[in-house]
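Colleague: Could you take me through the place where the two chains meet, slowly enough for a first-year student?

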2 protein chains.
Amino acid sequence: MCEANVYMRDETGHDRLFMEHVDIIIPGPDGLYMENIFGERKKVDAVIQEMQLVSHRIILSRPGSA
Amino acid sequence: MCEANVYMRDETGHDRLFMEHVDIIIPGPDGLYMENIFGERKKVDAVIQEMQLVSHRIILSRPGSA
């Protein structure tokens, strides 16, 4: 399965695991909607910094902190 | 390998294949930088509409057309 782990990057550049096994990501006007392969859903006020799909890594940051 | 195929959605809702086997996507101020597993690179003035990682699909649209 090709889901990814989603990390939140803080102001110091440290990546903290935010959600595992994410399948769906839909950007919206007030952040990102995410759904993982277990049907868990999260909405977060964040932007995508970088996606590394082969490494299963998606890195987010808080808006304005990049 | 868990790369994805990237599609551009047009104004009529039709998805056209834009780039295959994409590994890296980095959003920037003037669009998206993409790199596939063959080392090919593209930069495109677009935004991410939706990502379906298990289905290996990433859907883009032109800014302002969503």
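Modeller: Sure! Where chain B touches chain A, 21 residues of chain B are in contact with 21 residues of chain A, contact meaning heavy atoms within 4.5 Å. Keep in mind that this is a predicted model, where local features need pLDDT of at least 70 and side-chain atom pairs count only at pLDDT 80 or more, while totals for chains, interfaces and linings use all residues. Residues are numbered from 1 along each chain as its sequence is written, chains are lettered from A and ligands numbered from 1 in the order in which they are written, and side-chain values use heavy atoms, with hydrogens and water left out.

Next, the area. The two chains bury about 1,700 Å² between them, 69% of it on carbon and sulfur atoms; buried area is the accessible area (1.4 Å probe) that two parts lose on being put together, summed over both. Cys2(B), Met51(B) and Leu53(B) supply 37% of the area that chain B buries against chain A, more than any other three residues. As for salt bridges (a side-chain nitrogen of Lys or Arg within 4 Å of a carboxyl oxygen of Asp or Glu), the rule finds zero across this interface.

Now the symmetry. A turn of 180° and a shift of 0.0 Å along the axis lay chain B on chain A with an RMSD of 0.0 Å, superposing by least squares on the C-alpha atoms of residues with pLDDT of at least 70 in both. That's the relation of a two-fold axis. Cys2(B) turns up again here: its C-alpha is the one in chain B nearest the axis, 2.6 Å from it. Also, 100% of the interface residues of chain B are interface residues in chain A too, so the copies meet through the same surface.

Finally, there's a bit of enclosed space. The count comes to one cavity of 30 Å³ or more, a cavity being a set of points on a 1 Å grid over the protein atoms alone where a 1.4 Å probe fits but cannot get out. About 40 Å³ of space lies in the largest cavity, the volume being the space filled by probe spheres set on the points, which are joined across faces, edges and corners. Both chains line the largest cavity, with Cys2(A), Leu53(A), Cys2(B) and Leu53(B) among the residues.

Methods
1 Å grid on protein atoms, 1.4 Å probe; cavity = no way out; pocket = protein on both sides within 12 Å on 5 of 7 lines; lining within 4 Å.
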